[in-house]
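Hi everyone, thanks for coming. I'll walk you through one structure today, so have a look at the screen while I talk.

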Amino acid sequence: MNNYSEKFEKMRIAGNLAARTLDMLTENIKPGISTDYIDKLSYEFIRDNGGYSAPLFYRGFKKSLCTSLNHVVCHGVPSDRVLNEGDALNIDVTAIINDYYGDTSRMFCVGKTPVKLNNLINTTYEAMIRAIKILKPGIKLGDIGFEIQSFVEKNGFSVVRDFCGHGISNTFHELPNVLHYGKKNTGMELRPGMTFTIEPMINAGKYDVKVLADGWTAVTKDKSLSAQFEHTIGITENGYEIFTESVKGYSKPPYL
Ligand code: MF3
Ligand code: CO
Ligand code: CO
């Protein structure tokens, strides 16, 4: 036992609900369904499992999750837009249960995946995993950013600057900001009990982003494709725990 074991138990439950929601959605993604339908499936699944969708009514957001298609970087708003063969999308689920939050996103491909898209998705996933693997007390936030940025740029892609990971526990977004670019041995030192997300947004082209008139949808300025994965994690005495691991092994595409 330690002073954060109760918090971690709640984070485990919330993270697991968010992960199971993505697992459920995985089995439903196919050409012809709308992003509103994904929203509805997610809302109902989380509700039926005793939770609540955190995005709904968050700062005026009107849907239960984010669906970010192709050149949408993040915060895509579900709509009557139907999925087509060749689309790639990020689905970002945040569940609240017993006042604690689990926040996780994965990429999904509709039908066959073009090679270029596959490289982008694999690099984004690998960047997140590499950053998670170095986590332990004593390292600094800048080490996370460095790990992601150096790996992504070596692969010819760019790291979005305008959005970052965040502390998360019994509030959705709290300090610290977790930047996905940076320099080794800079920034706040990690300590046991800290809980935050790592959620790199990686563009095939330049890193510049703009937000559309709806106030939410962030797209790449150069219209290049963008990918993202997100885990909620906790720092332990000598490493880390991932709270949002897939229960079904659906970590990255292809899933089925
Ligand atoms: N889930 C997003 C994150 O990773 C935040 C979405 S806020 C919303 O932080 F309002 F757009 F849903
Ligand atoms: Co997040
Ligand atoms: Co999220």
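I'll start with the metal site, go on to the ligand, and finish with a helix and a couple of single residues.

One thing before we dive in: this is a predicted model.

Okay, the metals. Find the cobalt ion that is ligand 2. Which protein atoms hold it? The donors are Asp103 (OD), His166 (NE2), Glu199 (OE) and Glu230 (OE), and they lie 2.0 to 2.2 Å from the ion. If you read along the chain, the spacing of those donors is D-x62-H-x32-E-x30-E. There are six donor atoms here, with angles of 52 to 160 degrees among them, and the site is irregular. Now look at two of those residues, Asp103 and Glu230. Asp103 sits in strand 5, residues 100–109, while Glu230 is in the loop between strand 13 and strand 14, so this pair ties together parts that are 127 residues apart in sequence. Both Asp103 and Glu230 are buried, and for Glu230 the relative accessibility is 1%.

Next, the other cobalt ion, ligand 3. How far apart are the two cobalt ions? They are 3.3 Å apart, and Asp103 coordinates both. Ligand 3 is coordinated by Asp92 through two OD entries, by Asp103 (OD) and by Glu230 (OE), at 2.1 to 2.3 Å. Along the chain, the spacing for this ion reads D-x10-D-x126-E. Why do we call this arrangement irregular? Because the six donor atoms around ligand 3 subtend angles of 59 to 168 degrees, and an octahedral site would need opposite donors over 155 degrees apart and all others between 65 and 115. Here, too, a pair links separate stretches of chain: Asp92 is in strand 4, residues 88–97, and Glu230 is in the loop between strand 13 (226–228) and strand 14 (231–235), so parts 138 residues apart in sequence are tied together. Asp92 has a relative accessible area of 11%, so it counts as buried.

Right, on to ligand 1. It has 14 residues around it, and Pro55, His166, His173, Glu199 and Glu230 come nearest. You'll recognise some metal donors in there: His166, Glu199 and Glu230 are donors to ligand 2. As for polar contacts, a polar side-chain atom of His173 lies 2.7 Å from an oxygen atom of ligand 1. A nitrogen atom of ligand 1 is 3.1 Å from an N or O atom in the side chain of Asp92, and for the side chain of Thr94 that nitrogen-to-N-or-O distance is 3.3 Å. How much of ligand 1 does the protein cover? On its own, ligand 1 has 340 Å² of accessible area, and the protein covers 96% of that.

Now a quick check you can do yourselves. Helix 3 runs over residues 115–133, which is 19 residues; at 1.5 Å a residue it should span 27 Å, and its end C-alpha atoms are indeed 27 Å apart. Its buried residues include Leu117, Leu120, Ile121 and Thr124.

Last, two single residues. Is Ile97, in strand 4, buried or exposed? It's buried, with a relative accessible area of 12%. Its C-alpha atom is 19 Å from that of His166, 69 residues along the chain. Lys184 is in the loop between strand 8 (174–178) and strand 9 (195–198), and at 54% relative accessibility it counts as exposed. Lys184 and Leu135 are 49 residues apart in sequence, with 13 Å between their C-alpha atoms.

That's my tour, thanks!

Conventions. Residues numbered from 1 in each chain as written. Chains lettered and ligands numbered in written order. Predicted model: local features only at pLDDT ≥ 70, side-chain atom pairs only at ≥ 80, totals over all residues. Heavy atoms only, no water. Helix = DSSP H or I, 4+ residues; strand = E, 2+ residues; numbered from the N terminus. Expected span 1.5 Å × (residues − 1). Buried < 20%, exposed > 50% of the residue type's maximum accessible area, 1.4 Å probe, protein only. Donors = N, O, S within 2.8 Å, 3.2 Å for Na, K, Ca; no water. Tetrahedral: all angles 85-135°; square planar, octahedral: opposite > 155°, others 65-115°. Near = heavy atom within 4 Å. Polar contact = N/O pair within 3.5 Å; in protein donor to acceptor, adjacent residues only side chain to side chain. Areas by Shrake-Rupley, 256 points an atom, 1.4 Å probe, with all protein chains shown as cover.
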